[in-house]
Structure formats: C-alpha cells, structure tokens
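Me: I would like to go through this model term by term, asking in each case what justifies the word that is used.

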Amino acid sequence: MIFKRKSGLVFFAIILSIQFLSAQTKIEKDTIKKDELNEVKVVAKSRAKIVSEEAIKIEVLDVKELQSSSTTLGDAINRMSGIRVRQATGLGSANSIIINGFTGRAVKYFKDDIPLDYLGESFNVLTLPTTMLDRVEVYKGVLPTNLGADALGGAVNFVTQKNKKEHLELSYEYGSFNTQRFTFNSYSISKNEKYFAGMDGFINHSDNDYWVDAKVIDPETGTLSEKNVKRFHDKFTNGYAEIYGGIKNFSFADELKIGITLTKVKKDQQHGALMTNPYGEIYIKEAVIAPTLNYRKAFLDNRLIFTNFNTYSLINSQVIDSCGCAYDWYGNKTLIPAREGEADANGSLANIDFRNFINRTFLNYTINTTNSVSFNLVYSDQIREGSDPYGPVYFHSGRDILSVPAIYKKLVASLGWESRYFNEKLTNNFIVKNYHFETSGTDGGRLSYTEETIKNKGKNYGFADALKYKINKKSFIRTGVESAYRLPEQGEIYGDGQFLLSNFNLKPEKSFNLNLGYRYDAINKYYFETNIFYRKTENLIILVPVLMPFSQYNNVNKVRGYGVELDGGYHFTNWLNISANLTYQDLRLFGITDPAEVFLNEARLRNTPFLFGNISLNFNKNNVFKSDDTFKAYYNYSYTHNYYLANVPKSSESSNIFDTPKIDTDLVIPTQHLHSAGIVYSLKKEKINFGFEVRNIFDEKLFDNFKVQKAGRSFYLKIRYLFN
C-alpha cells in the first residue's frame, strides 16, 4: 500500500488531533502529579541502551568497547544483526552497507544527525577510527524526525564523543600489508566551563599488497588461467583533521561551536569493478575544506530545543589516467602509442570541484512528559564544475563539458509527533515528510551535440509510523510502517562527463516498508530478539549499459520480498558472554515486462547475500595481574552463504539453498567463513592499552562486491594512551 497524498494528509490530521487532545488531558494530570511528587528514583541507563529501546527500530553499536582493540569499525558493524558491510578490497576501497537488502545510495549516512555529503570520501565506515565515536546507530526502515534524509532502506548515524572532561588521546596501529593508523583526540575547557576547544584527527595508510587468485593470460598460448599474484597498485593514504572551538552556557546560546575540517585522500586503482584488467598507474585524489557552524539553544524551561547547523564545503576530486600503456598481473608494463590511458583509451585528467552548502534546522517541543513534537528541515545545494583536457567536448563549440556548471538542490522536511500512553507502556511515533529537488545542467557524454540547459524538479510526500508496546520490564514488541522516497543524486542525473551519461528523466525511487519485532531482555543474564520485515520497492535506480562503453542510470527494476532476523546473547558470568545472530532475506525482482528479460521475474537481487550470521565470544576480567589492570579476549566468527554475482532465473536455483548451485560457478560467490580473534590488555584504569588481533585465522578465500577477493590471514597491533 502506497499512501496517496490527500488520504495521507487526512490520516495525519486525525492522528494529530487525537494526540493533541491526549496531550492537553495529560498536561492537566501532570500538573496535579507534580504537586504530589515526593520522591524521585533515578535508574541509570547508557545512551546506547536507551536509543536501542526506542519505538523506531535501531541497532546500536557501543563503540567505547572497541576503542582499545584493533577491531575496525567496519568489522564491528558487519557483526550486527541484518547488516553486511561491503568493501571492494582493503583499507580505503569503495564500500557500502547492506541493511535489510538495501544498499548503495538507498542507505544514507550521517555524522551527529547531519548528512555526510559535505565530507567527501574521508569519513566512512572503513576509514573512521573507533576513538572518535561514542556509538553507531543503524536505523532499519523508519527514520526519526531528527534525521532528515531521503532514505529507502535505513540509515547509519556516526555519533561522535561529547566531551565533558579535558583529555588528550593518542593511538597507533601497525599491521599486515604495511597498514598504519594514527589517531589523536583532544579537548580543553575553561575553569568556568564557558569556553572550549578541541582537535580530532587521523591518518590511514595501507599498501593493500595481499595475494589474490586472478585470471592471467598465458603469453604463449593466449589462454586465461588462474594464478596466485600480488596486488601491486592499490596503495591508500588519507588524512582527516577537525579543529573546533566555541562557547557554552551563555544567555544567547547554550552552545555555539565553530569548526573547520580538512581532509586529503590518494587512492591507487588496481582494477575496475571486476578483477579482470589490472592497472598500474591510475589513481584518484580528493581534498576537502569544510567550515562548520553549530548553534544550540533551549527555551521555555528546556521544553523547546532549537539547533541549527551550517556548512559550505569545497571538495576537489581528480582522476588521473594518463599512461598510454597496459599492465599485466605481474606488474609488467607495455606501452601502447595509440592510447592515452589505461582504463580509457582517451585517458583522463579530470579535475572537478564540488561546492556544497548544507543547512539543517531542528526544533523539538516537549508538550508534557509523554508528548513531544519535532520538526526538521535539511536543505542542500551542490554545484559541480571542472575540466578534463582528455575528456569529452560539445560537438559544435568544442567546449569542455565539465566546465559547464551542474546544479543540484534538495530539501527534505520532516514533522513528527511522539506520544506515550498507559503509563508509557505504549509509544507511538508518527512522521510525515516532504521531499523536493531541482536540477539544472546539460547533457554530459562523448556523444553530446547540444549545449541546451535542461531543468527538472520533483516533489513527493512520505509517511511513517513506529509503534512500541512494553509488555513488562523485560520485553516489548514494536512495529514500523512507512512509504519512503529516495531522490536521484547529482551524479546519477548529470553523469560524469565521460562514460557515464546524463539522465534528466530519472524518477525518485519509492518503497513501502514494514517491520515487526519482539525483544526479551533479562538484563545481565540473556536476551533474545527477532525481527521480520517486508519491502516493496519501485523505480529502482540502477546503472545499465547503453552503448558500450557508455552506461547510464535508469529506473529499471522493482524489488519485493521479506526477511527474518534472529539475535541473542547469554552471560555465563559477569566476565564471559556469547552473542549470535542469523539473517535470511528473500528479495526478488518483479514486474519485468521486457520480453528479453521477462524470464528474470522472481530472480534474487544480484550481488546481495541472502543468508548470513555471526557468533562472538567475549572474555573480560579486571585485576588479573595488577589491581588496576583489565584483560579482554574475544573471538568472532562470520558466515556468509553462497550467493549470485548476476541475476539468475529462479528456475536455475537449487531446490534447497544448502545444495550446490546448479549454475556456472563463475556466477556464484562461494560460501565464506571468517574467523578472527584478539586480546586487549589495559593498565592504570585503561589509560594505557595494548591490543592485538589476527583476522581470517584460517586464511580462507573471502570475496565481496562482484567477487573481488579480499585479504587472507593478517595481524594487527595497537597502542592507545589516554591523558586526562
């Protein structure tokens, strides 16, 4: 069911009316109760625990538990229920997160509730150090009002540490493939707690020169055969620094924070999406300057909270492909005079500037102890302009296509009402959203004959409701339903001025999502949670070939299906616990009418795992060798069942998912088993920490996006010191 605009607005008005009358009655009751209150009992809960028990389905990763270990943020998120982190190769590679079958741009990313578009590629799940974060919130389905985004399948919110005490924290990690990671965090505040300043940053580097099995051409016979070769052109280096300062507790501002973020990235390109042709001299560079202004103020005795965030970031991106040559997997170079580049015969010296403005305004008004209303408005404005002496030009004028500005504007407004009934046993969160976008640009591609400016715009409404019922102190059920939209992104509309053609006729993706879950938690003993979901998505935006080597984003596929998640844990003692989860999702194409592809109706969503799970065993003991030390040990196992690289007709699937696939093995990404383990030893109440971890203990062959092979067995050592 997709809500229509009029009926949806009427439904919304009815809900608001009911909740408003309830709120007014509750105000009167609260006034009476306030005079009768003699004793207050405070029960402390961690912020991560509170968030995970909201009506909206959220998986929360408490990052503080990982900060002293060598476990990466990506590995930790990958062990969460119903989630898989995709990465092309090693550190710094292209990555995405699958949430209930949705991935790519259908999943949105945030930093402290702000869309991450303004920070480029340096701030992502693979490069972020755990020491910068307090927690990671992964939303499945319904997004709360404070996250203003056009997401289909969910969102990931990186919540940074909210500093209260002065400190300086340093950490350094060294590991296989010359992997080095250095992080620093500092914070200082005046004695009267009115002025503060701080600096956070990190530097990452890896050669990513691990061994893989690749198909290599035999120089004598010209045939392809599989050989074990070493990746030789996949180095990655990036740096990130955020410097900030501000004031607190003034009459005109509870907090006013000014900052600037600087980042740099350089990434070698070993191959394209598939491990076919190796490259030896292609690389990508990116630099970001992002000043920020954040303001917060409470009014009406803290009942009305107002926050405002602004940034105007400058992102420079470069793609260097200027070697008229070809490389083989052994690193041998052959000059080809007829070519200008490796991946592209015409080569590339693309130099593109993105100017991004983002404004986020959020208001939350507490009507009484059980009712609140919130409003969120996120406006973003992006301009792309660049040059490429090797790139395409307009047929008549000869002007560089990238030199013509491409403009993309987006506005997402959210209005929500949260209410609690029956002594807070029942919680309801109702949200309505408005999505609006405008574009202006010209066709981009090597076949462009016109320089006419093309404009487009669109507007949509979305609705969501999340409901939670607390059965008793240990258990609750919750459900969520939404009609969501995902607007086409700038790059999907304008192309890249090279082989990615523009498409100004793209429609927003739309999806109807339903979640239902139950949780039982005998605190500090055991817990169990199950969640089922249903998705029906239309106008999916996917990249399709047009006229080789050109491609274009189009609204093609429709997907529907369901999934089941099981998650649980058991505490043997206060120092030993185990947790496990298992996910099955059956997401399939439907509604295909093209006679050439109609046989793919009911085919599984390609390149997407459908059965996977994790097991974690954790040991934590204090005062082992000294009175102020801590010893931790952990073991993690991750299972991913075999899945299909391409769309495979349902008739070609095995009757039993555990049987050997009936299709060509080149189209199957095999079943994978990942074993990792580590230890952490801390001294002086965890001020000095030593961590050691071995990943892929049994040196299994692991694969990810489009069957690209990941690293084998590897080792990592981390040292962390906290001054405070």
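**Terms and the values behind them**

Reply: A first case is phenylalanine 528, which is called partly exposed because its relative accessible area is 37%, a value that falls between the 20% limit for buried and the 50% limit for exposed. The model is a predicted one, and phenylalanine 528 lies in strand E27.

Me: What makes the surface patch that includes Phe528 a nonpolar one?

Reply: The patch is made by Leu514, Leu516, Phe528, Ile532, Tyr534, Tyr562, Val564, Leu566 and Leu582, and has an area of about 720 Å². It is called nonpolar because Val, Leu, Ile, Phe and Tyr are among the side chains that count as nonpolar, joined within 5 Å. Strand E26 (509-522), strand E27 (526-538) and strand E30 (558-573) are the elements that give two or more residues to the patch.

Me: How do you know that cysteine 323 and cysteine 325 are joined by a disulfide?

Reply: The S to S distance between cysteine 323 and cysteine 325 is 1.8 Å, and a pair of cysteine sulfur atoms counts as a disulfide within 2.5 Å, so the term applies. The structure holds 1 disulfide, and both cysteine 323 and cysteine 325 are buried.

Me: Why is the disulfide of cysteine 323 and cysteine 325 called right-handed?

Reply: The torsion about the S-S bond is about 130 degrees, and the disulfide is therefore right-handed.

Me: Which residues have the most contacts inside the largest nonpolar core, and what makes such a set a core?

Reply: The largest nonpolar core has 42 residues, and those with the most contacts inside it are Leu61, Leu73, Ile77, Val136 and Phe158. Such a set is called a core because its members are buried residues of the nonpolar kinds, joined through side-chain atoms within 4.5 Å. Among the elements that each supply at least two residues of this core are helix H3 (73-78), strand E6 (133-140), strand E7 (154-160) and strand E19 (348-368), and the largest share, 4 residues, comes from E19. Apart from this core lies another, of 15 residues, among them Phe110, Ala149, Ala151 and Ala155. Leaving aside neighbours within four places in sequence, leucine 73 is in contact with Leu61, Val63, Val125, Leu128, Thr130, Leu133, Val136 and Phe158.

Me: How do you know that glutamate 169 and arginine 720 form a salt bridge, and what does the pair tie together?

Reply: The closest N and O atoms of glutamate 169 and arginine 720 are 2.4 Å apart, and the limit for a salt bridge is 4 Å, so the pair qualifies. Because glutamate 169 lies in strand E8 (residues 167-175) and arginine 720 in strand E38 (residues 714-723), the pair ties together parts that are 551 residues apart in sequence. Glutamate 169 has a relative accessible area of 3% and is buried, and arginine 720, at 7% relative accessibility, counts as buried; the limit is under 20%.

Me: What makes the pair of glutamate 242 and lysine 111 a salt bridge, and are glutamate 242 and lysine 111 buried or exposed?

Reply: Here the closest N and O atoms are 3.5 Å apart, which is within 4 Å, so this pair too is called a salt bridge. Glutamate 242 lies in strand E13 (residues 236-250) and lysine 111 in strand E4 (residues 107-111), so the pair ties together parts that are 131 residues apart in sequence. Both glutamate 242 and lysine 111 are buried. The structure holds 42 salt bridges.

Me: Why is glutamate 489 called buried?

Reply: Glutamate 489 has a relative accessibility of 14%, and buried means under 20%, so the word applies. Glutamate 489 is placed in the loop between strand E24 (475-486) and helix H4 (490-494), and touches Arg105, Lys108, Tyr408 and Lys410, not counting residues up to four places away in sequence.

Me: Why is asparagine 524 called exposed, and what is its phi?

Reply: At 65% relative accessibility, asparagine 524 counts as exposed, because the limit is over 50%. Asparagine 524 is found in the loop between E26 and E27, and has a positive phi of about 65 degrees although it is not a glycine. Most residues other than glycine have a negative phi.

Definitions and conventions
Residues are numbered from 1 along each chain as its sequence is written. This is a predicted model: local features need pLDDT of at least 70, side-chain atom pairs count only at pLDDT 80 or more; totals for chains, interfaces and linings use all residues. Side-chain values use heavy atoms; hydrogens and water are left out. Buried means under 20% relative accessible area, exposed over 50%, partly exposed in between (1.4 Å probe, protein chains only). Contact means heavy atoms within 4.5 Å. Patches are made of residues with over 30% relative accessible area and no salt bridge: like charges are joined within 9 Å, nonpolar side chains (Val, Leu, Ile, Met, Phe, Trp, Tyr) within 5 Å. Accessible areas come from the Shrake-Rupley method with a 1.4 Å probe; for residues, only the protein chains shown count as cover. A salt bridge is a side-chain nitrogen of Lys or Arg within 4 Å of a carboxyl oxygen of Asp or Glu.
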